[in-house]
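Hi,

Here is the structure we talked about. Please open it alongside this note; the findings follow below.

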Amino acid sequence: MKNAVDDQLKKVTQKIASSEAVVVLTGAGISAESGIPTFRGEDGLWKKHRAEDLATPEAFQRNPQLVWEWYQWRRGIIAAKKANPAHEALTLLESSIRQFLLITQNVDGLHGRAGSRKMIEMHGNIWKMWCTVCGEKMENHALDLPPLPQCVKCEGLLRPDIVWFGEAIQSGHLEQSIQACQNSDTMLVIGTSGVVQPAASFASIAKESGAYVVEINPKPYLLDIADVTLSGKAAELLPKII
Ligand code: APR
C-alpha cells in the first residue's frame, strides 16, 4: 500500500514539475488541520446550525443580529488559528509555476495569511464587510464588534463580505476561474466535498479541456474525473508533492 501511494505522489510531483499552468481549487478541508471545523464533516459547522438560518440574505434581513453572532463566533475561532503546511505549500507552488491561480471557497483568510497572492476568494472573506446602505467596503479584524456593526461613513448596517446561498459570485471571479480551468495543464482539487456550485463544476471543466486532475481528500468525490486520487490529508500530502 505504502509504495502505491509513493508512486502516486511521484507521478503528481513530476506532472506539476512539467506544468506551465496550474489551477488549484480548495475547500474547508485544507483548513481542517489548522483546527477550523469544515461545513459538512462530522464536526461540521452546519451540524449545529442550519445554513438556511444563517448564510442567506433572507436570514440577514430577518435577523441581522443572529447572523452577525454566528460570524463573530467564527471570526473568534479563526483568529486563534494559523495557516498549516498545506497553505504554505501552495504559496511555494505559486512562486514556481509560470501561470498559477488559486481559487478558494474558504472565507477564513488563511491562504492570504500564508502568502498566497494569485488567488480568488470566491465566497468572500470573513474579515471583510460592506455597508448595506452606501456600499463602502472595509476590512476589520476586531473580535469585539458591536452586535450590529455600523458603517464608518454613513452609519448604515454593515454585512459580512461573504457570498451567501442564493447570491451570485462576484462578477469577474467566475469568468477568471473558468478560464483558468480551461487553460491549465494541471488542476489540484483539495479539501472540498464538491456540493456547492459553481466550484463543484470546475474540475469537469478542466478535465474536458485536457487538464490532468488531482484530488486530495480523505473522502474523495471526483472518482471518475480525477487522473490521480490521493485519499489523505492535505497538510501531510501537499508538502510531499510540492
Ligand atoms: N485534508 C483534505 N481534505 C479534508 C481534510 C483534510 N485534512 N479534512 C476534511 N477534508 C475534506 C472532507 O472530506 C470534505 O470533502 O474536506 C471537505 C470539506 O467539505 P465541506 O465541509 O463541504 O466544505 P466545502 O466543500 O469547502 O464547502 C463548500 O459550502 O457551506 C458552503 O460556502 C460554504 O465554501 C463553503 C462551501
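Start with Ser 193: an N or O atom in its side chain is 2.6 Å from an oxygen atom of the ligand. Bear in mind that this is a predicted model.

Two backbone contacts are also worth loading up. A polar backbone atom of Ala 28 is 2.8 Å from an oxygen atom of the ligand. At Ala 234, a polar backbone atom is 3.0 Å from a ligand nitrogen. On its own the ligand has 730 Å² of accessible area, and the protein covers 90% of that.

Now the shell. It holds 21 residues around the ligand. Ser 193 is among the closest, along with Glu 33, Arg 40, Thr 192 and Asn 217. By class, the shell has nine polar residues, eight nonpolar and four charged. As for pockets, the ligand takes up the space of the largest one.

Next, the domains. The chain is divided into two: domain 1 covers 2-35 + 83-123 + 169-241, and domain 2 covers 37-80 + 124-162. Their centres, taken over C-alpha atoms, are 26 Å apart. Contact between the domains involves 16 residues of domain 1 and 15 residues of domain 2.

Where does the ligand lie relative to domain 1 and domain 2? Both domains give residues to the shell around the ligand, so the ligand lies between them.

If you set up a view, put these on screen together: the Ser 193 side chain, the Ala 28 backbone and the Ala 234 backbone.

Best wishes

Conventions
Residues numbered from 1 in each chain as written. Predicted model: local features only at pLDDT ≥ 70, side-chain atom pairs only at ≥ 80, totals over all residues. Heavy atoms only, no water. Near = heavy atom within 4 Å. Polar contact = N/O pair within 3.5 Å; in protein donor to acceptor, adjacent residues only side chain to side chain. Areas by Shrake-Rupley, 256 points an atom, 1.4 Å probe, with all protein chains shown as cover. 1 Å grid on protein atoms, 1.4 Å probe; cavity = no way out; pocket = protein on both sides within 12 Å on 5 of 7 lines; lining within 4 Å. Sits in = over half its atoms within 2 Å of the grid points. Nonpolar A, V, L, I, M, F, W, Y, C, P; charged D, E, K, R; others polar. Domains from an automatic or database assignment. Contact = heavy atoms within 4.5 Å.
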